[in-house]
Amino acid sequence: MATWPREPGPPCRVTVVPHGPVLVDGPVEITMPDGTTARSERVVVAVCTCLRSRRLPWCDTSHRTPPRSASED
Ligand code: FES
């Protein structure tokens with residue numbers, strides 16, 4: 001488990017992808033609104049920013065699909 005504040009070292013790289021996820025150098029722990037913790041050991045983690053992912057908080061590329069319009073319902 002990570003400690004806070006972080007140990008001195010290189011800064012954590014965070015890359016914002018236009019109209020897509022935020023890429024974060026892993027491993028990553030995210031505290032969810034319900035207090036649970038989502039953890040990933042991946043080298044780079046894609047965190048969803050569009051809230052359309054079915055695997056929140058992780059991006060599942062759903063942001064690439066155009067949103068449905070009200071007339072399609
Ligand atoms: S940013 Fe990719 S699914 Fe939300």
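**View 1. Strand E2, with its side chains taking turns.** Going along E2, Val 22 and Val 24 face one way and are buried, while Leu 23 and Asp 25 face the other way and are not. Here "buried" means under 20% relative accessible area, "exposed" means over 50%, and "partly exposed" is anything in between (1.4 Å probe, protein chains only). Strands (E, at least two residues) and helices (H or I, at least four) are DSSP runs, numbered from the N terminus. That swapping is no surprise, because side chains in a regular strand alternate between the two faces of the sheet.

**A quick word on the model.** This is a predicted model, where local features need pLDDT of at least 70 and side-chain atom pairs count only at pLDDT 80 or more, while totals for chains, interfaces and linings use all residues. Residues are numbered from 1 along each chain as its sequence is written, and side-chain values use heavy atoms, with hydrogens and water left out. The predictor's confidence in each residue, pLDDT, runs from 0 to 100. For this chain the mean is 90, and 92% of the residues reach 70 or more. Where pLDDT is low, the predicted coordinates should not be read in detail.

**View 2. E2 and its two partners.** Which strands pair with E2? One is E1, which runs antiparallel to E2 over three bridges. The other is E5, again antiparallel, over four bridges. For two strands to pair, DSSP has to find at least two bridges between them. Zoom in and you can pick out single partners: Val 24 of E2 is bridged to Val 14, and Val 22 has Val 47 in E5 as its bridge partner. Cys 12, in the segment before E1, is worth a look too. Cys 12 sits 12 residues from Val 24 in sequence, yet their C-alpha atoms are 7.4 Å apart in space. With a relative accessible area of 36%, Cys 12 is partly exposed.

**View 3. The turn from E1 to E2.** E1 and E2 make a hairpin with five residues between them. His 19 lies in this loop, between E1 (14–16) and E2. What is the phi of His 19? His 19 has a positive value of about 60°, although it is not a glycine. Most residues other than glycine have a negative phi, and most peptide bonds are trans. His 19 is also exposed, at 79% relative accessibility.

**View 4. The hairpin of E3 and E4.** E3 (residues 28–31) and E4 (residues 37–40) pair in the antiparallel sense over four bridges. Five residues separate the two strands in this hairpin, and Gly 35 in the turn has a positive phi of about 95°. Opposite Ile 30 you'll find Ala 38 in E4. Which side chains of E3 are buried? Val 28 and Ile 30 are, pointing to one face, while Glu 29 and Thr 31 point to the other and are not.

**View 5. Two cis prolines.** The peptide bond from Gly 26 to Pro 27 is cis, with omega near 0°. Pro 27 is in the loop between E2 (22–25) and E3. Another cis bond joins Leu 56 and Pro 57, this time with omega about 10°. Pro 57 belongs to the segment after E5.

**View 6. Ser 53 and its backbone contacts.** Ser 53 lies in the segment after E5 and, at 8% relative accessibility, counts as buried. What does its side chain touch? A polar atom of the Ser 53 side chain is 2.9 Å from the backbone nitrogen of Arg 55. The Ser 53 side chain also reaches the backbone oxygen of Trp 58, at 2.5 Å. Leu 51 is in the segment after E5 as well, but Leu 51 is exposed, at 65% relative accessible area. Phi of Leu 51 is near 65°, a positive value in a residue other than glycine.

**View 7. A cavity with Ser 53 in its wall.** Searching the whole structure turns up one cavity of 30 Å³ or more, and the largest cavity holds about 40 Å³ of space. On a 1 Å grid over the protein atoms alone, a cavity is a set of points where a 1.4 Å probe fits but cannot get out, and lining residues have an atom within 4 Å of a point. Grid points are joined across faces, edges and corners, and the volume is the space filled by probe spheres set on them. Residues lining the largest cavity include Gly 20, Pro 21, Cys 48, Ser 53, Cys 59 and Asp 60.

Notes. On a 1 Å grid over the protein atoms alone, a cavity is a set of points where a 1.4 Å probe fits but cannot get out, and a pocket is an open set with protein on both sides within 12 Å along at least five of seven lines; lining residues have an atom within 4 Å of a point. A polar contact is a pair of N or O atoms within 3.5 Å; within protein, one must be able to donate a hydrogen and the other to accept it, and residues adjacent in sequence count only if both atoms are side-chain atoms.
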